[in-house]
Amino acid sequence: MVYMTRAPQLSPRRLRESTLIQKRECVTRSEKKMYNYILFLVCSTSLVAAQSLPEEFIKCKQGDDKLNECLKLAVPDALKRMKKGIQSLSVPQLEPLLVNAINVDSGSGPVVITQDYRNIKLYGLTDSVLTSYKADLKHYRLRTESITPKMEFIADYIMRGRILLLPIQGKGLANITMVNLVVKHDLIGEPVEKDGQLFMHLRDYKVKFIPERVLLSFTNLFNGDKALGDNMNAFLNANSDLVFSELKDSYEKALSTVFKTVSNKIFDKVPMNKIFLKE
């Protein structure tokens, strides 16, 4: 004969207490998992924040009397090495530099044009040579002047407006080429401390473009009317100094934002003392 034993019956009160204990244990386990996850994120962020420049980059020392001369060589060398980007720092390729979109507005004067650019490719940045460099690291300020033999801005465009008294509109492919382009850069930074490390975050990046010559080409002007389009392109290039001078501020502001974003990929991840060595 087999005897079956009955499981002891819990009173309603004991049953509720048992259920609460089980819930507390589940919550405690969840809290531990969440704590471990947060700890992992903090550690990961710390590791990312303390990165270094690639080993092959030229390093310049903060206290060197020839710091500016060193940077004049180091920056163009770094640009060439960044043609394909730096994956570890999330720096995009620079040849060409790809930009999603730029909107350019000119609302007064002889040139009144609204331009929307998409799928932009910027060629020539890595061929730039620095002609001067002035680093004021105590005030987180970098001023430099460069010359680029040829910078090409190629993009899909939509344009509408007028030049002098002539209306202009179109949608197609744009090519704006600046020859022997002098660029004045003014990088304005601020100190940011993360995990005991000092970083130089760029809060502003100003540029001034001074091209020797500008070549303009827009396909499919006036809904593809070839005669009107060819005449307008000829007119634009005959008056390229006027056209560019009226639109220059808008181009400078748009590309300053792009340059700042790319530069901060490095400045926000590599501490100052690993960019500008102390000793």
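Leaving aside its neighbours within four places in sequence, which residues is Ile168 in contact with? In this model, which is predicted, Ile168 is in contact with Ile113, Met159, Arg160, Gly161, Arg162, Ile163, Leu221, Phe222, Met232 and Leu236, once the neighbours within four places in sequence are set aside. Ile168 also has a place in a wider group, since the largest nonpolar core has 70 residues and Ile168 is named, together with Met82, Tyr117, Leu142, Phe218 and Phe259, among those with the most contacts inside that core. The largest share of this core, 11 residues, is supplied by helix 4. As a general background to such a grouping, nonpolar side chains in soluble globular proteins tend to be buried together.

Helix 4 can be followed further through two of its residues. Glu252 lies in this helix, which covers residues 240–267, and Glu252 counts as buried because its relative accessible area is 3%, where the cut-off for buried is under 20%. If residues up to four places away in sequence are not counted, Glu252 touches Val207, Lys208 and Phe209. Asn264 is found in helix 4 as well, and with a relative accessible area of 9% Asn264 is likewise buried. Its contacts, again not counting residues up to four places away in sequence, are with His201, Leu202 and Lys269.

From the core we can turn to the aromatic rings, of which the structure holds 5 pairs. In one of them, Tyr117 and Phe153 meet edge-to-face, with 5.0 Å from centre to centre and 85° between the planes. This pair links distant parts of the chain, for Tyr117 belongs to strand 3 (residues 111–123) and Phe153 to strand 5 (residues 141–163), and the two are 36 residues apart. Both partners are buried, Tyr117 with a relative accessible area of 0% and Phe153 at 3% relative accessibility. Another pair is made by Tyr157 and Phe218, whose ring centres are 5.2 Å apart and whose planes stand at 75°, so this pair is edge-to-face. Here too distant parts of the chain are linked, because Tyr157 is in strand 5 and Phe218 in strand 8 (residues 213–218), 61 residues apart. Tyr157 is buried at 2% relative accessibility, and Phe218 is buried with a relative accessible area of 6%.

Tyr117 and Phe153 also belong to a wider arrangement, as they form one aromatic cluster with Phe244 and Tyr251. A ring can take part in another kind of arrangement as well: the charged end of Lys194 sits over the ring of Phe199, 4.4 Å from the centre of that ring.

Tyr117 offers a path to strand 2 (residues 97–106), where Val99 is found. Val99 and Tyr117 are 18 residues apart along the chain, and their C-alpha atoms are separated by 9.4 Å. Val99 is buried, with a relative accessible area of 11%, and Val99 touches Asn119, Ile120 and Val258 when residues up to four places away in sequence are not counted.

What joins Cys60 and Cys70? These two cysteines form a disulfide, with their sulfur atoms 2.0 Å apart, and the structure holds 1 disulfide. In general terms, a disulfide is a covalent bond between the sulfur atoms of two cysteines. The torsion about the S-S bond of Cys60 and Cys70 is about -85°, so the disulfide is left-handed. Because Cys60 lies in strand 1 (residues 60–61) and Cys70 in helix 2 (residues 67–81), the pair ties together parts that are 10 residues apart in sequence. Cys60 counts as buried at 1% relative accessibility, and Cys70 also counts as buried, at 18% relative accessibility.

Helix 2 itself can be checked against an expected length. At 1.5 Å a residue, its 15 residues should span 21 Å, and the end C-alpha atoms are 20 Å apart, which agrees with that expectation. In helix 2 the buried residues include Cys70, along with Leu67, Leu71, Ala74, Pro76, Ala78 and Leu79. What covers the buried residues of this helix includes strand 1, strand 4 (129–136) and strand 9 (276–277), and strand 1 is where Cys60, the disulfide partner of Cys70, lies.

Terms used. Residues numbered from 1 in each chain as written. Predicted model: local features only at pLDDT ≥ 70, side-chain atom pairs only at ≥ 80, totals over all residues. Heavy atoms only, no water. Helix = DSSP H or I, 4+ residues; strand = E, 2+ residues; numbered from the N terminus. Buried < 20%, exposed > 50% of the residue type's maximum accessible area, 1.4 Å probe, protein only. Contact = heavy atoms within 4.5 Å. Disulfide = S-S within 2.5 Å. Core = buried A, V, L, I, M, F, W, Y, C linked by side-chain atoms within 4.5 Å. Phe/Tyr/Trp six-rings, centres within 6.5 Å; stacked < 30°, edge-to-face > 60°. Lys NZ or Arg CZ within 6 Å of the ring centre and 35° of its normal. Expected span 1.5 Å × (residues − 1).
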